[in-house]
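Work through the following exercises with the sequence and the model open side by side. Each task is followed by a solution that proceeds step by step.

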Amino acid sequence: MKSDGTEPRRLVRGVWPAWSQDSTCLYYRSRLDSSLYSISIRSENAEPTRIAACPGYNPSISPDGQQVAYIEGTSLKVKGVASQSLIAEWPLPAPSDGWSAPAWSPDGKELGLGGSGGLENATGLWIYHLGQSSPAQIWGGPITVGSWAGNGTKLIFELGGPYFEIWTAALPAKAPTGVALGPSRTPEEHFREMTALYTRMIETDPRDAYYYSTRARYRDYLGERARAEADMKRWSAIMSGRSPSGFLFATPRALRHVLDMPFDCELVFSAERPVNAIPTMSVAFGQKGRCEMKSFEIPMVVLSLMGYCFLSGLDAPPAHANFTFGPPTNLGPVINTSGDDFTGAIARDMLEFYVGTRSTTWLFRRATVDSAWEPGSVFAPLVGSLYMEGAGCLSADGLSLYVSSNRPGGIGTYDLWRRTRTTTEDDWSAPVNLGAAVNSASWDWSSSLSPDELELYFTSNRPGGYGDMDMYVTRRTTKDAPWGLAVNLGPTLNSPAWDESPTIAPDGLTLFFCSMRAGGYGSVDIYMARRATTKDPWGSPVNLGPAVNTPYEETNTVLSPDGTILYFTSNRSGGYGGSDVWQAPIIRDLDFNGDGKVDAKDMDLLMADWGKNKSACDIGPFPWGDGIVDTYDLSVLLKEMTGSGIALNPRSDASEVACDAILSWTSVSFAQSYDVYLGTSREAVSMASRTNPQGVLVSQGHTATTYDPEGLLEFSKTYYWRVDFVSPDPASTVYQGPVLEFTTAALTYPIKKVTATASSAQTGSGPERTVDGSGLDKSDGHSTDVKDMWWSMVGPSHWIQYEFNKVYTLHELWVWNMNQIIEPFIGFGAKTVKIEYSTDGAAWTPLANVPEFAKAPGKAGYTANTIISFAAAPAKFVKLTIEKNWGVAPQTGLSEVRFFCIQSAAVPKQ
């Protein structure tokens with residue numbers, strides 16, 4: 001009863017009530033017929049109106065009342081109210097029923113989903129976008145429900161147990177939630193992260209049964225059924241008190257807690273609680289991955305007094321694999337001079353190397369990575385320069401070069417600048433200053449670009465740091481976005497002394513730098529720090545030791561793109577002048593079992609660790625690994641064992657693969673034959689075996705190193721394949737290979753190799769502008785700049801001709817007409833056009849039914865508005881003769897054209 005004495009009014013029998021947007025009616029689900037209904041609240045005698053069948057629970061109506069979202073089975077579905085048809089369907093982040101009701105965003109384009117029980121309660125907040133095929137986790141943790149404010153400016157969410165708190169987050173206008181609150185994770189990324197988390201928990205306490213059962217569930221979500229079953233066996237053994245022998249991790253080594261030490265040693269701890277005795281900690285010390293280690297026991301009371309001495313450094317993420325540095329060598333007199341020489345940028349293909357002196361930067365080249373460096377040339381743009389410029393780093397495509405220079409026009413003494421070039425064969429452009437967000441009134445220099453090109457590390461002595469020179473980082477959201485405000489890397493990496501030359505490794509997780517801090521081997525030493533992910537803080541730095549550092553100065557670190565060579569500058573003895581450029585190889589430890597040989601026994605250990613995180617077998621693609629044992633590590637080990645790595649073709653994640661592709665792999669000396677699996681289901685290819693082929697075992701006991709699939713593969717289809725190695729021993733041991741995937745080519749694709757000629761052209765507006773992509777933005781919208789178009793001269797006739805690198809079966813021609821700002825008034829663009837095609841340039845065939853070319857709007861962002869069908873005509877040449885334009889001007893032109901050809905199933909794409 002209400003406070004005024006009246007009673008609430010009963011509306012109807014049902015569940016999951018929700019208001020309409022105007023609050024005049026109520027939506028609910030009837031349990032009688034599993035349907036969604038609405039009922040008006042204006043009349044006491046109102047009758048319910050059936051809206052749609054709703055077999056799933058937790059229905060939610062969109063703000064405009066036109067769609068209903070609900071959970072059914074292991075899917076989230078959206079159905080149109082009027083059409084009664086399914087509009088969208090996505091898998092749930094985890095295939096179970098512990099999910100709350102989906103919540104609509106105010107614009108009806110997104111749905112939020114949180115957990116309401118079990119593991120889902122710690123799975124985070126997931127966003128489904130109607131234009132995307134899978135959900136994205138924007139936040140992790142025990143988020144049970146999230147909903148938007150009516151104006152879309154805030155998101156409110158609940159943290160479930162043990163917190164039971166309500167939080168709110170502001171949302172920027174006109175930004176999708178997944179972008180505004182990202183970065184996001186896919187379900188697979190989340191499950192692998194949780195699997196890694198519980199693996200670390202198991203390493204800490206291997207007798208906790210709950211950790212195994214929880215990891216088993218996440219592994220089951222990933223389709224790793226065998227591993228999930230192994231975890232459940234261990235859970236059962238621990239719960240019943242039985243011995244855990246025979247399980248996946250059932251070795252004494254696997255039940256220890258391991259602390260990685262720099263660079264090839266580890267401490268192994270095992271706590272014991274003997275009856276009627278002082279608890280002790282067993283400690284073993286030795287080389288990583290070895291069973292033979294020096295061991296001793298320490299009473300826990302003693303350990304508690306000394307623990308802080310070494311546990312204070314545990315914030316540094318452990319190295320994935322074992323590696324050491326080989327003896328440094330001088331790069332020789334071709335690169336080094338009698339003066340001071342400094343390392344600079346190195347190209348991704350390792351064929352270009354920029355080296356600086358006190359007054360000049362030199363560019364060195366070589367034919368292959370195994371060739372010697374050729375005599376260098378003065379860096380072309382610096383010829384005649386009165387100012388200094390040092391090359392810091394190159395982008396992955398080699399088209400952006402970040403430099404530091406004291407040239408005029410900067411902000412401080414030395415600034416960071418960026419040069420660009422169109423191709424690697426072109427000269428560099430004039431430098432552009434990175435701006436006040438990055439540079440300061442002080443010195444800013446020595447830059448290093450992260451592999452995703454979203455972080456730029458550099459050195460600066462600006463005020464507010466921790467020492468004489470500090471290291472900073474600036475970040476951006478995309479490669480085309482401006483750089484953000486530079487941030488000091490903090491006291492973990494920077495010291496009260498001189499810290500400089502940060503070099504980010506190709507995995508984005510390892511940072512090399514130089515420092516004059518106390519405790520080193522010389523005046524300036526090289527250090528290394530790691531982080532677990534790009535979102536985590538950097539761990540404590542570690543000195544590289546006497547293998548690299550000397551009593552002299554070691555500075556200006558540069559890492560080779562494959563992570564196998566550390567370049568640096570040193571004034572140590574044995575050089576050619578003051579400071580020289582040196583290199584130190586980074587050597588992997590491949591002898592996993594410590595028997596002095598790299599053989600099939602090490603292969604056995606690697607296969608046993610397949611898919612695991614941070615293992616001693618994680619040796620590729622970089623010497624310190626990448627966080628998981630996979631095909632990269634297999635290739636490195638096989639190269640050591642057989643002299644050649646495993647070359648799998650098509651490579652993993654390859655796209656545009658020809659439909660007649662032949663699978664191939666490198667011969668392995670210890671394998672007598674191979675089992676080949678191929679199919680369109682990742683789960684089937686991953687789980688299949690000789691005893692359970694699942695329809696994807698296409699060849700058993702295969703003796704060749706190639707497999708030609710029967711018939712042709714389908715267009716635009718993703719395939720999964722696996723090659724297992726079968727040894728010739730009596731047991732015919734099968735070593736399971738990695739699951740790779742590739743996608744076949746689409747039916748049609750654009751022709752890239754096109755040459756254009758024309759009857760005439762204005763200076764700077766040649767016919768090549770119609771096929772070089774100039775003026776096009778990311779959305780294929782064209783500019784209004786005439787320099788991005790072909791513009792003819794005054795003449796009696798106007799034609800433009802295109803030549804391809806071979807004969808193609810043409811599908812369509814897309815046309816962007818001339819699009820100057822004055823186009824709506826003058827009408828230079830083509831209107832009536834005669835099109836001819838030829839296979840040899842001599843015999844021409846006119847194309848029938850050519851439509852009138854549509855007029856351009858004279859506005860930036862103009863997209864192609866004329867599409868012409870070639871109906872599978874074969875051609876190497878196409879000629880467009882413009883008979884009439886859209887005005888009376890004696891000139892004409894086009895902005896851009898794009899030819900599409902039909903992919904032959906038996907002929908690979910160009």
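The exercises below concern a predicted model, and they go from the whole chain to single strands, a helix and individual backbone angles.

**Exercise 1. Describe the chain as a whole: its secondary structure, its burial and its contacts.**

Step 1. Start with the secondary structure, which comes to 9 helices and 56 strands.
Step 2. Turn to burial: of the 910 residues in the chain, 48% are buried. The chain exposes about 42400 Å², and carbon and sulfur atoms supply 54% of that area.
Step 3. Consider the contacts with a separation of 6 or more, of which 53% are between residues 24 or more positions apart.

**Exercise 2. Find the largest nonpolar core and say which elements contribute to it.**

Step 1. The largest nonpolar core has 35 residues, and the members that touch the most others are Leu-606, Trp-665, Trp-721 and Phe-725.
Step 2. Two or more residues are given to this core by each of α6 (600–608), α7 (631–642), β41 (654–657), β43, β46 and β48.
Step 3. Another core, of 29 residues, lies apart from this one, and its members include Val-754, Phe-804, Tyr-808 and Leu-847.
Step 4. As background to both, nonpolar side chains tend to be buried together in soluble globular proteins.

**Exercise 3. Determine how strand β46 is covered and which strands pair with it.**

Step 1. Strand β46 covers residues 718–726, and 8 of its 9 residues are buried, so that the strand is mostly covered, where buried means under 20% relative accessible area.
Step 2. With strand β43 (residues 673–679), β46 pairs in the antiparallel sense over 7 bridges, and within this pairing Ser-673 stands opposite Val-726.
Step 3. With strand β48 (residues 740–744), β46 again pairs in the antiparallel sense, here over 4 bridges; Tyr-720 has Glu-741 of β48 as its bridge partner.
Step 4. With strand β47 (residues 734–735), β46 is joined by 2 bridges and runs antiparallel, and Val-726 stands opposite Val-734.
Step 5. Returning to the core of the previous exercise, β46 is among the elements that give two or more residues to it, as are β43 and β48.

**Exercise 4. Work out the strand order of the sheet formed by β1, β2, β3 and β4, and explain which strands stand at its edges.**

Step 1. The 4 strands form an open sheet in the order β1-β2-β3-β4, with antiparallel pairing.
Step 2. Because β1 (15–19) and β4 (49–53) each have a single partner strand, they stand at the edges, and one side of each is left without a neighbour in the sheet.
Step 3. On average, neighbouring strands of this sheet are turned by 25 degrees against each other, direction ignored.
Step 4. Within the sheet, strand β2 (residues 25–30) is joined to strand β3 (residues 35–40) by 6 bridges, and Tyr-28 has Tyr-37 of β3 as its bridge partner.

**Exercise 5. Characterise helix α2 by its span, its buried residues and the elements they pack against.**

Step 1. Helix α2 (residues 187–204) has 18 residues and reaches 26 Å from its first C-alpha to its last, which is close to the 26 Å expected at 1.5 Å a residue.
Step 2. Its buried residues are Pro-187, His-190, Phe-191, Met-194, Thr-195, Ala-196, Tyr-198, Thr-199 and Ile-202.
Step 3. These buried residues pack against β11 (125–129), β12 (136–139) and α3 (209–221).

**Exercise 6. Examine strand β34 and the hairpin that it forms with β35.**

Step 1. Strand β34 (residues 499–504) is largely enclosed by the rest of the structure, because 6 of its 6 residues are buried.
Step 2. β34 pairs with strand β35 (residues 510–515) in the antiparallel sense over 4 bridges, and Phe-512 of β35 is the bridge partner of Thr-503.
Step 3. The hairpin has 5 residues between the strands, and in this hairpin Gly-508 takes a positive phi near 75 degrees.

**Exercise 7. Locate Ser-446, Gln-694 and Pro-621, and state the backbone feature of each.**

Step 1. Ser-446 is not a glycine, yet it has a positive phi of about 55 degrees. Ser-446 is placed in strand β30 (residues 444–449) and is buried, with a relative accessible area of 16%.
Step 2. Gln-694 also has a positive phi of about 55 degrees although it is not a glycine. Gln-694 is found in the loop between α8 (682–687) and β44 (697–702) and is partly exposed, with a relative accessible area of 37%.
Step 3. Pro-621 lies in the loop between α6 and α7, and the peptide bond that leads to it from Gly-620 is cis, with omega near 0 degrees.

Methods
Residues numbered from 1 in each chain as written. Predicted model: local features only at pLDDT ≥ 70, side-chain atom pairs only at ≥ 80, totals over all residues. Heavy atoms only, no water. Expected span 1.5 Å × (residues − 1). Buried < 20%, exposed > 50% of the residue type's maximum accessible area, 1.4 Å probe, protein only. Contact = heavy atoms within 4.5 Å. Pairing = 2+ DSSP bridges. Axes fitted to C-alpha atoms, helices over the stretch in contact; angles between N-to-C directions. Areas by Shrake-Rupley, 256 points an atom, 1.4 Å probe, with all protein chains shown as cover. Core = buried A, V, L, I, M, F, W, Y, C linked by side-chain atoms within 4.5 Å.
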